[in-house]
Amino acid sequence: MKADIVQDSGNPTGHGRPEDWPKYIADQGWENYTSEDHDVWKALFERQSEIVKGRACQEYLDGIAALEMDQTQIPNFAEASKLLKAKTGWEVVAVDGLIPDLPFFQLLAERKFPAGNFIRKPEQMDYIEEPDVFHDFFGHVPLLANPIFADYMEAYGKGGLKAHQHGTITNLARLYWYTVEFGLIQQEDGMRIYGAGILSSPGETKFAVESDSPNRVALDLKRVMQTNYRVDDFQQTYFVIDSFDQLFKETYADFSKLYEDIKADNTEYAPDDIADGDTVFTRGTQAYANGKK
Ligand code: PHE
Ligand code: FE
């Protein structure tokens, strides 16, 4: 199976050969964190756990509680993985930074979440470009304790390997962006956040659910996969799901036909577009001047 996945092994875009993928896994080197590193974690954790109250979805808050996350020091991945593994079979493995798509997909398919082993510096409290341990652990790991979301992430990893064969990684990556990183969920008591890119950012946590500026539109797979995104600012459009059940059921279907439709259709939406057929929760004013980041 693995051999088919990398038909272009050795090509100039270089996904690497499957034999080489394990080399992306690093040591966490937990004992090398300095007291300054742990203090950065503590300050981020304290601030952000207040901000996510009433804004993050219930499943995420349950995950924080279930993992008994320690406010005072950077989590030890091996320790945390014991609890997580008992809940959903997921574990957290360390990486030095971003890794290529294919080994990333492969890890997710094996229920291994690659988390950055480094932490930002005190002067980067509000924003850091590369995913560090605060983004990865505080943002992503709590939901991996939720059985449905855990299944979604594994399915996504397998779907990534398949998208590679269809030449549609770009489209599938947009689904990840607008769900796993920047997803909103409509819950009984209001609009809530589940995306890790939001939940690890104090500014965007407030912005995503309270600002008049962005669009909030019901998730539609094809539409999302045709939508560009911005990496340098708050999102101009958020996509909203009803439940993790809905997300899992919709994405579980075979995407082969959808990929063919997308290729044939050739439509691309800008990050702030409202498309024909969108179910709009809120149409944004887009009236914010580069809020951050
Ligand atoms: N069902 C998708 C496919 O057939 C895989 C997938 C599952 C993608 C879940 C994303 C999320 O390719
Ligand atoms: Fe992330």
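Modeller: A residue is called buried under 20% relative accessible area, exposed over 50% and partly exposed in between, with a 1.4 Å probe and protein chains only. This is a predicted model, in which local features need pLDDT of at least 70 and side-chain atom pairs count only at pLDDT 80 or more, whereas totals for chains, interfaces and linings use all residues. Residues are numbered from 1 along each chain as its sequence is written, chains are lettered from A and ligands numbered from 1 in the order in which they are written, and side-chain values use heavy atoms, leaving out hydrogens and water.

Colleague: Why is His 135 called buried?

Modeller: The relative accessible area of His 135 is 11%, which is under the 20% limit, so His 135 counts as buried.

Colleague: What makes His 135, His 140 and Glu 181 the donors of the iron ion (ligand 2)?

Modeller: Donors are N, O and S atoms within 2.8 Å of the metal (3.2 Å for Na, K and Ca), and because water is not among the atoms, sites may look incomplete. Here NE2 of His 135, NE2 of His 140 and OE of Glu 181 lie at 2.0 to 2.1 Å, so they meet the rule.

Colleague: Why is the pair of Phe 134 and Phe 138 called stacked?

Modeller: Rings of Phe, Tyr and Trp (its six-membered ring) pair if their centres lie within 6.5 Å, and planes under 30 degrees apart count as stacked, over 60 as edge-to-face and the rest as tilted. The centres of Phe 134 and Phe 138 are 4.8 Å apart with planes at 15 degrees, so this pair is stacked.

Colleague: How do you know whether Tyr 229 is buried or partly exposed?

Modeller: Tyr 229 has a relative accessible area of 31%, which falls between the two limits, so Tyr 229 is partly exposed.
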